Protein chains: 6
Amino acid sequence: MKVTVHRKAHFNAAHRLCNKSWSDEKNIEVFGKCSSPNYHGHNYELVVSVTGTINQDTGMVIDLKILKDLIYEKIEKEFDHKNLNLDVSYFQDKIPTAENIVVVIWDILRKELSSHLELEVTLYETPRNFVTYTG
Amino acid sequence: MKVTVHRKAHFNAAHRLCNKSWSDEKNIEVFGKCSSPNYHGHNYELVVSVTGTINQDTGMVIDLKILKDLIYEKIEKEFDHKNLNLDVSYFQDKIPTAENIVVVIWDILRKELSSHLELEVTLYETPRNFVTYTG
Amino acid sequence: MKVTVHRKAHFNAAHRLCNKSWSDEKNIEVFGKCSSPNYHGHNYELVVSVTGTINQDTGMVIDLKILKDLIYEKIEKEFDHKNLNLDVSYFQDKIPTAENIVVVIWDILRKELSSHLELEVTLYETPRNFVTYTG
Amino acid sequence: MKVTVHRKAHFNAAHRLCNKSWSDEKNIEVFGKCSSPNYHGHNYELVVSVTGTINQDTGMVIDLKILKDLIYEKIEKEFDHKNLNLDVSYFQDKIPTAENIVVVIWDILRKELSSHLELEVTLYETPRNFVTYTG
Amino acid sequence: MKVTVHRKAHFNAAHRLCNKSWSDEKNIEVFGKCSSPNYHGHNYELVVSVTGTINQDTGMVIDLKILKDLIYEKIEKEFDHKNLNLDVSYFQDKIPTAENIVVVIWDILRKELSSHLELEVTLYETPRNFVTYTG
Amino acid sequence: MKVTVHRKAHFNAAHRLCNKSWSDEKNIEVFGKCSSPNYHGHNYELVVSVTGTINQDTGMVIDLKILKDLIYEKIEKEFDHKNLNLDVSYFQDKIPTAENIVVVIWDILRKELSSHLELEVTLYETPRNFVTYTG
């Protein structure tokens, strides 16, 4: 009897899309205004979805306070009010597209959760553009 | 050619999280303010998702008026403007966590639907905390 | 040059509508299921709107961190995960309708803000029912 | 390492539900006010979800500008500000229920996408009624 | 001590923008695709805002059940699942722009409310286009 | 008979809050993480509200296509995918707080609108923090 528990969080960050091995022209051709040199930014919305069996004593799959604190410590503190390209080490060699960010977040959280729990992460870059990763 | 039809509904209810076999201290330690003795409450939002093949005469998987009435009769009338702990028999011996509520709702609706239809239920306790059950 | 700054907050609470000087029959006649004896509840959403001139050094009307902390200390701590009828002293002799709650919240916050700032409070009981008070 | 990229779009259209081989009485019995003879309409919201592997050079599954333009050219231009029954050829012989519309949209987009990409489409007829098709 | 009570409602309708005294060319020039001959449609969202003093016995400005029923009887039954141009008499000689619709709705509701209550109506044609009228 | 027409738009931008005449310490003390040196960013949502009388020939206060194009030309093209501190001349000597941004936007749009139209602008920095300016 498996139930999925979803928790929403958010962080506000700056980024730009840029392949360092490409010329400026190529970056603008591929990424358009997302490659704007002085960065732009987003209110990223995050949905962390954890699937597991219900603990009969607590009626919970996972204590939401623990999940909330985990997201705060491992994601929000690292990403909120940061420049993803300059301040967040995961993007030293990775373009901070929504796709790459959601994989990074999944990898971070996966290590923190018991192996019997399944994990899915959805990341909204804007209300109209979002991505999902399940490992 | 299977399509999923989703219908949103809602009910407003009071509850508290409390394992009756535990001391007050243990309940507060585990459930925190969710165990507050005089109850608190939520605007629960419900998404009922039914998957099946499209009837060629009607172009529908299931008549939405029938699904809407079913949710009203079996869920909203039972749960809306109620105290889940005191007024709803399903939670006599079950802690009304979102996880347990979504399983109860799924069980109720499953009995009412033809066996060739698949069912998933998502329950929002708040816009930031929600759960999904697929049986 | 006056600008209005809006800050959203929320609290989850139980309540029931009941005029203590009336019979049960009269209460049910007037308040319907909102008078259900064992309480029901809501995810209340709050918008606190403060109007004033922009401080030229900070570019702000009011520091949002200060406003956020004020709402937390004076409103969320008092109302969140509470039974408004039983746990919140303001409603000892006042029916906790959305109208009465919004006036209580406005009165609490008004005392905490400089007199040169104007205040408006909007309270959502549900996404479809909400109230506004400006003093 | 597969990621799903979601893009939201919308179109505003009129329609009515009517099986041409049925009497007016039968249509009203089955479809109710949705069969109202002079049409009614909706703000349709569309979520197009494309799953594939991340291109290491771009950090993308699919260029969102290309996906956005594809949805505009193939869906929005065909459906927006139209009468689905009278103006859109796909519904000459198909009742424009949400179920049938989502299958038509999926079929159109499927032809335009590389075969190594998976496709899911969700269509909101209203915020409370929506459908999903994955082929 | 005046409080404003807001109630949300909705209706789904077809319409087209067309000045009958103009040529087709002029209508298309002015109204563009909104003048598309076979109609298009919207999920109209309505916010009815009533301002008055709080009744000390009930804690209410106006009974929301009465307001909800009034909106249903006078607005939703008249406008929902209708073609505004063809089925709704108010638009025999009036172009059903959002501006004209909101004034019509305000006029209908104004007659039904006590004169000591103030009225404002907001009408969403889409989430991005909306209008407000206060008389 | 005055009606207000509202149009929503959005832009994604990077910024930081920083008074250039202050020390880093003072900036961090006053602006906290909003002063983070490498910028962060937001999905800004804009509501432009124009009040005027309804033109009897068109049923409109202002042609929404014209208003939409005006917002695109004067605001979105200037602000979208930009660094407000570095790329937008208005903030050479002005801290890009939400308060200052909304006044700048209002000033730009005010010049473009006929003097018989009234203007209000609301700017959402996040769904929970927003500001309104009416001149």
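Okay, so let's start at the pairing of C:Val5, whose bridge partner in β5(F) is F:Val131. One thing to keep in mind throughout is that this is a predicted model. That bridge belongs to a pairing between two chains: strand β1 of chain C, residues 2-15, runs antiparallel to β5(F), with five bridges between them.

Let's stay on β5 of chain F for a moment, residues 129-133. How many of its five residues are buried? Five, so to speak the full set. F:Asn129, F:Val131 and F:Tyr133 point one way, F:Phe130 and F:Thr132 point the other way, and all are buried. As background, side chains in a regular strand alternate between the two faces of the sheet.

Within chain F, β5(F) also has a partner, strand β4, residues 118-126. Those two are antiparallel and joined by five bridges, with F:Thr126 standing opposite F:Asn129. The link from β4(F) to β5(F) is a hairpin, made through two residues.

Now over to chain A, and its strand β1, residues 2-15. Eleven of the 14 residues there are buried, so that strand is mostly covered. Which strands does β1(A) pair with? Let me go through them. Strand β2 of chain A, residues 40-53, runs antiparallel to β1(A) with 14 bridges, and A:Asn12 sits opposite A:Asn43 there. Strand β3 of chain A, residues 82-83, runs parallel to β1(A), with two bridges; A:Ala14 has A:Asn83 as its bridge partner in β3(A). And then we cross to another chain: β5 of chain B, residues 129-133, pairs antiparallel with β1(A) over five bridges. In that pairing, A:Val5 is opposite B:Val131.

While we're on chains A and B, have a look at helix α1 of chain B, residues 24-31. Its buried residues are B:Asn27, B:Val30 and B:Phe31. Looking down the axis of α1(B), those buried residues fall within an arc of 80°, so they line one face of the helix. What covers them includes α2 of chain A, residues 64-79. On the other side of α1(B) you'll find B:Glu25, B:Ile28 and B:Glu29 exposed. After the helix comes B:Gly32, with a positive phi near 60°.

Next, one residue to zoom in on: C:Thr122, in strand β4 of chain C, residues 118-126. Is C:Thr122 buried or exposed? Its relative accessibility is 11%, and buried means under 20%, so C:Thr122 counts as buried. Its side chain makes a polar contact of 3.0 Å with the side chain of C:Thr132. Beyond its neighbours within four places in sequence, C:Thr122 has contacts including C:Glu45, C:Leu46, C:Val47 and C:Phe130.

Now the whole assembly. Chain A can be laid on chain F with an RMSD of 0.0 Å, using a turn of 180° and a shift of 0.0 Å along the axis. That is the relation of a two-fold axis. The same surface serves both copies, as 100% of the contact residues of chain A recur in chain F.

Some chains don't meet. Chains A and C do not touch, and their nearest C-alpha atoms are 15 Å apart. Chains D and F have no contact either, with closest C-alpha atoms 15 Å apart.

Last, confidence. The model scores ipTM 0.96 and pTM 0.97. Chain A averages a pLDDT of 97, and 100% of its residues score at least 70. Okay, over to you.

Notes. Residues are numbered from 1 along each chain as its sequence is written. Chains are lettered from A and ligands numbered from 1 in the order in which they are written. Side-chain values use heavy atoms; hydrogens and water are left out. Helices (H or I, at least four residues) and strands (E, at least two) are DSSP runs, numbered from the N terminus. Buried means under 20% relative accessible area, exposed over 50%, partly exposed in between (1.4 Å probe, protein chains only). A polar contact is a pair of N or O atoms within 3.5 Å; within protein, one must be able to donate a hydrogen and the other to accept it, and residues adjacent in sequence count only if both atoms are side-chain atoms. Contact means heavy atoms within 4.5 Å. Two strands pair if DSSP finds at least two bridges between them. The arc is that of the directions from the helix axis to the C-beta atoms. pLDDT is the predictor's confidence in each residue, from 0 to 100. Copies are superposed by least squares on the C-alpha atoms of residues with pLDDT of at least 70 in both.
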